[in-house]
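Colleague: Please take a close look at one buried serine and its surroundings, then carry on outward to how the parts of the model meet. Plain wording will do.

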Amino acid sequence: MAELAGSATHLRHGSSIGQPLTRRDGLLKVTGQARYAADNHPPGMLHAALAVSSIARGRVTGLDVEAARAHPGVVAVMTPANRPALALHPDDKASPFVFRMDLLQDDMVRYAGQPIAVVIGETLEAATEGAALLAPRYAAEPARTGLDEGEVFIPPMVGIGAPSEVRHGDVEAGLAAAAARIEAVYETPAQYHNAMEPHAIVAAWEGDRLSIDTPSQGLTWARDRIAGLFGIAVEDIEIRSPFLGGGFGSKGLIAGPQVLGILAARLVGRPVKLVLRREQMYGPVGHRAPTRQTLRLGADAAGGLTAIQHHVRTASSSFDDFFEPAGGVTHTLYASPAIVTTSDAVRLDTGTPMFMRAPGEASGSIALEGAIDEMAAACGMDPLEFRLRNYAEVEPTTGKPFSSKALRECYAQGAARFGWAGRPLAPRQMRDADGLLVGWGVGTATFPALMFQGQARAVLRADGSGVVEIGAQDMGQGAWTALAQIAADSLGLGIDQVEFRAGHSGLPDAGIAGGSAHTATAGMAIHGAGADAIARLAELAMADGRSPLFGAGNAGVVAREGRLLRRDDESRGETYAEILARAGLGEIEGRGTGAMDPAAQEHYAMHAHGAVFAEVKVDPELGQIRATRLVGAFAAGRIINPRMVQSQYYGGMIWGVSFALHEAAVVDPRSGRVMNANLGEYHVPVNADLPSLEAILVEEVDPHVNALGIKGVGEIGVTGSAGAVANAVWHATGVRVRRFPIAVEAVAGLAG
Amino acid sequence: MNRFDYIRPATVAEAVAAAAVPGSAYLAAGTNLLDLMKGGVMRPARLVDLARVPGLDAIEALPDGGLRIGARVRNADLAYDPGFARRFPAVAEALLSGASAQLRNAATVGGNLLQRTRCAYFYDPASACNKREPGAGCDAREGENRLHAVLGWSEQCIATHPSDFCVPLVALGAVVEIEGQAGRREVPLEEFHRLPGTTPERESVLAPGELVVAVRLPGEAAGFAGHARYVKLRERTSYAFAVVSAAACLRLEDGAIAEARLALGGVAAKPWRVPAAEAVLQGARPGAEAFRQAAEAALAEAQPSGENGFKIELARRILVRALTLAAAGTPERLPALPASPLASHSGVSLHG
């Protein structure tokens with residue numbers, strides 16, 4: 001990525017890690033030079049448009065293919081009748097990480113918005129009109145759209161491989177012994193990722209070799225899935241994904257429409273571009289499933305929790321399994337002698353739900369934080385005091401110690417900055433000068449510190465500069481910058497002396513940019529690769545009688561600013577270039593792997609934590625709510641780039657506000673169609689909705705999660721924030737709204 | 001996209017002649033029309049682009065102290081025109097509470113009057129909609145209708161008109177100037193939009209091919225400038241249509257209301273002027289009791305069209321709020337959050 005901007009304007013003091021560098025790709029993006037997938041136009045490229053189903057369940061009984069074909073500029077119409085063959089059936093499911101796709105395998109319709117044909121044209125306009133001319137006819141069956149429709153069952157697992165039931169202690173005994181109890185039902189709606197960049201693909205075949213531009217959060221998984229579907233070798237697939245305009249989980253796995261783009265290119269024998277329309281993002285590329293969560297809590301006279309029971313009703317599609325693991329937060333967050341989480345589910349005529357930023361944690365957190373607030377109120381306690389009273393010193397359901405947990409400091413620093421002290425206990429006590437109701441709420445943030453598997457390659461070149469390669473993904477979070485900082489430190493070079501290559505499937509596997517695990521996984525792989533290269537270089541020097549480092553063996557050497565130095569005498573050293581030149585080597589290479597340490601995992605519970613404080617103002621008669629102030633304090637181990645991390649926290653906190661106040665897919669209960677499938681009516685906050693945001697980076701040293709001490713920051717900001725806002729609405733109004741997003745009529749006391 | 005003729009007339013007369021062909025549609029900024037075309041909701045055979053037609057983009061002072069606003073004046077240009085905002089502050093406030101800054105920079109006065117409803121069933125060609133396809137039925141009636149009409153609706157259509165701009169305009173007695181093949185005519189804005197009845201596809205009194213060329217505010221409407229507000233309840237602070245909204249314009253004499261001009265938005269298929277409520281206030285002392293009586297009168301005929309009964313009380317409350325703010329006096333500067341209930345209430349009146 002030679003075009004990436006350098007960082008000459010930044011002063012460095014020793015290492016790159018920890019420096020608040022600005023985005024190295026920022027200039028490209030703000031000047032429109034960053035090339036996203038849909039910006040590619042290889043010679044001879046055609047445009048594809050999806051035709052999608054308007055019914056949610058049934059069969060396609062007719063398509064006017066002739067009318068579409070006859071439209072000027074239409075080159076081909078791909079339907080189940082002529083779709084090129086695949087090596088795997090799209091419904092084959094080899095593992096929980098493989099999801100079924102709709103690739104025109106038959107005439108069945110399983111959700112509204114399902115692709116039922118692809119029209120390929122010389123222009124986008126021709127393809128689009130061709131798709132409209134197909135005028136599908138259907139044999140429709142009634143759509144199943146609600147959490148009470150169809151048979152309720154207990155899924156064998158939730159999320160990816162998590163148990164659907166966790167039992168710790170005796171909840172009924174805990175509730176029976178409690179001095180105060182609450183029971184509450186919280187409801188969260190279906191939500192859609194709505195990345196700014198829609199899913200897009202430009203695919204070109206050359207024989208059995210396939211070249212693709214498409215946004216992907218996981219290049220190797222995407223390549224392997226495509227190889228399996230088409231029965232071709234992974235070496236014959238090249239995917240370029242330098243930039244993503246947001247992913248949030250919806251681009252974690254290659255999605256059906258992207259594969260349809262590849263099939264279309266196969267059919268016509270020319271490069272094809274397929275870009276989803278905004279409304280087509282509300283079906284085949286995943287969403288956050290709705291939940292209904294029932295919480296029963298008990299506490300003793302001193303405010304100590306005696307039991308937490310958390311039951312989650314959710315939904316998956318009729319044809320595949322992803323169950324929002326909303327009970328997960330309850331396993332780790334608050335100490336209680338009895339904790340039970342259970343899940344059940346129904347099957348709806350929707351696209352299959354998928355991971356969406358803080359999958360499970362977001363939905364579970366808003367419900368748990370609300371219930372904890374209700375319990376605090378029932379105990380007559382300040383909600384922050386109540387949370388501290390029930391602080392988990394060890395992970396409650398496993399008894400494991402935490403690898404690190406600076407949550408107390410988060411509470412303390414966040415509360416101090418926010419000015420929590422003096423908050424009236426009772427609701428509806430505060431007004432501003434204009435008579436608006438004011439409320440303050442708190443929520444605890446938590447997210448597991450995960451790692452996937454990743455590899456990296458580091459090279460030191462004859463001129464003393466370095467190259468680091470990893471198939472990592474920058475989806476806007478700042479990987480181009482943060483990973484380059486780790487790369488520079490790993491080689492003991494300044495960031496401008498390291499060429500950092502990422503975003504390409506030909507590079508070493510970086511795992512998936514998801515689970516808030518990318519910086520840890522890719523970072524550890526880079527860290528290992530750099531250290532390996534340095535170790536090899538040191539071996540060369542220490543074995544070479546002409547080197548000032550000769551014989552440094554036991555004392556060892558350190559790498560710093562392009563030089564190796566004797567650890568016991570830093571005046572003795574030489575440059576990388578000198579060592580390589582004397583050895584007659586053009587370069588020296590190192591390899592590294594990043595992965596979770598199973599021993600540490602066995603002994604420790606690993607989570608990032610945070611505390612979010614929210615102020616809202618509410619119009620008492622009209623019910624309009626505005627989050628006027630949010631302060632989050634988060635502890636997530638070592639911070640590679642505080643500027644990027646702050647941005648990640650802001651983004652997460654905004655998602656929290658959105659969850660509490662704005663965001664919902666409105667599904668017509670008869671047709672199963674999402675009726676607000678556009679950014680005008682599917683509300684997410686605008687700048688004016690968030691006048692003041694603050695994120696505090698609380699210091700935390702974690703010696704166990706990985707050698708770099710990185711926990712991950714991508715998702716935790718959503719958790720805690722949503723609950724804090726909802727709790728603040730209660731504190732402002734005295735009305736506990738348990739259905740999200742909080743509606744004006746509910747706050748105004750007018751809900752039916 | 002389907003193929004269509006694209007005509008770029010040089011004069012209003014040419015435009016009107018070009019649009020006389022059935023299936024024509026006028027194109028101004030296209031902020032609504034182009035979305036409708038992309039979604040397959042409207043498929044005009046001919047677009048008559050008004051971009052080059054002279055004489056449609058002026059804001060002219062009239063001898064009676066009123067203003068004549070050309071149909072192609074941009075929303076933002078009008079809202080930030082100092083003379084306009086000073087004389088018609090509630091209209092400026094309404095304009096600035098509409099859509100987003102980007103849309104306001106493009107969208108026009110005429111387009112604002114003629115924008116289509118935001119009913120999701122109208123935008124979804126797979127749903128039944130009498131407005132889109134007469135006789136097809138109305139899927140909103142038993143569907144997701146939380147934000148639909150509570151006044152003036154019919155079994156055939158429960159959609160609302162989404163404009164903010166039109167609400168204070170109708171309260172202030174604006175007049176629409178229309179050019180057609182038969183010449184020029186004028187219609188009070190209050191009579192410009194039609195209620196759905198059995199023909200929801202007919203949304204205004206415009207005959208096919210007729211063109212809105214200007215909107216006129218009479219000079220006497222400027223007499224309300226000292227006590228004129230627009231308030232809009234919405235589900236996010238910007239870029240959201242009104243759940244309910246209200247314009248209240250008062251002329252106070254000796255501490256009493258000499259004349260009130262009131263209208264509601266987001267409640268019906270047209271901007272809803274409420275003469276009964278205006279009558280309640282005539283001669284009354286401004287205050288909570290009188291305002292509440294006016295609000296009761298304004299919504300006397302209201303009926304839920306679905307799961308939206310709450311809108312009736314919200315509409316009463318927002319009218320009371322608009323009246324309260326108007327009685328307190330128009331602030332010298334528009335609030336940073338125009339028309340927002342969450343804007344600071346404590347504006348200082350330098351008018352009237």
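Modeller: Beyond its neighbours within four places in sequence, B:S163 is in contact with B:N112 and B:Q115. This is a predicted model, and everything below should be read that way. B:S163 belongs to the loop that runs between α8 and α9 (166–171) of chain B. Its relative accessible area is 4%, under the 20% cut-off, and therefore B:S163 counts as buried. The side chain of B:S163 also comes to 2.9 Å from the backbone nitrogen of B:C166. Residue 166 is where α9 of chain B begins. The picture at this position is thus a buried serine with a side chain that reaches the backbone of B:C166 and with B:N112 and B:Q115 as its contacts from elsewhere in the sequence.

From there to the boundary between the chains. The contact between chain B and chain A involves 40 residues of chain B and 39 residues of chain A. The two chains bury about 3400 Å² between them, with 53% of that area on carbon and sulfur atoms. Five salt bridges are counted between chain B and chain A. One of them pairs A:E129 with B:R43, whose closest N and O atoms are 2.4 Å apart. There are also 18 residue pairs in polar contact between the chains, counting those with both residues at pLDDT 80 or more. On the chain B side, the elements that give two or more residues are α8 (120–123), β9 (228–233) and α13 (310–328). Of the elements of chain B, α13 gives the most, with six residues. By residue type, the side of chain B that touches chain A has 14 nonpolar, 10 polar and 16 charged residues.

Chain A has an internal boundary to consider as well. It is divided into domain 1 (26–34 + 451–595), domain 2 (38–141 + 199–275) and domain 3 (291–450 + 602–747). A:E129, the partner of B:R43, falls within the 38–141 segment of domain 2. The C-alpha centres of domain 2 and domain 3 of chain A lie 37 Å apart. Where these two domains of chain A meet, 16 residues of domain 2 are in contact with 17 residues of domain 3. They bury about 1300 Å² between them, 63% of it on carbon and sulfur atoms. On the domain 2 side, A:F99, A:R110 and A:F248 lose the most area to domain 3, together 40% of what that side buries. Two salt bridges are counted between domain 2 and domain 3 of chain A. The side chains of A:R100 and A:D320 form a salt bridge, at 3.7 Å from N to O. Five residue pairs are in polar contact between these two domains, again with both residues at pLDDT 80 or more. The residues of domain 2 that touch domain 3 comprise eight nonpolar, three polar and five charged.

Last, a position in domain 1 of chain A. A:V557 is in strand β23 (residues 557–560) of chain A, and the 451–595 segment belongs to domain 1. With a relative accessibility of 14%, below the 20% cut-off, A:V557 counts as buried. Apart from neighbours within four places in sequence, its contacts are A:A538, A:M542, A:L549, A:A552, A:L564, A:L565, A:R566 and A:R567. A:M542 is 15 residues away from A:V557 along the chain, and their C-alpha atoms are separated by 8.9 Å.

Conventions:
Residues numbered from 1 in each chain as written. Chains lettered and ligands numbered in written order. Predicted model: local features only at pLDDT ≥ 70, side-chain atom pairs only at ≥ 80, totals over all residues. Heavy atoms only, no water. Domains from an automatic or database assignment. Contact = heavy atoms within 4.5 Å. Buried area = accessible area lost by both parts, 1.4 Å probe. Salt bridge = Lys/Arg side-chain N within 4 Å of Asp/Glu carboxyl O. Polar contact = N/O pair within 3.5 Å; in protein donor to acceptor, adjacent residues only side chain to side chain. Nonpolar A, V, L, I, M, F, W, Y, C, P; charged D, E, K, R; others polar. Helix = DSSP H or I, 4+ residues; strand = E, 2+ residues; numbered from the N terminus. Buried < 20%, exposed > 50% of the residue type's maximum accessible area, 1.4 Å probe, protein only.
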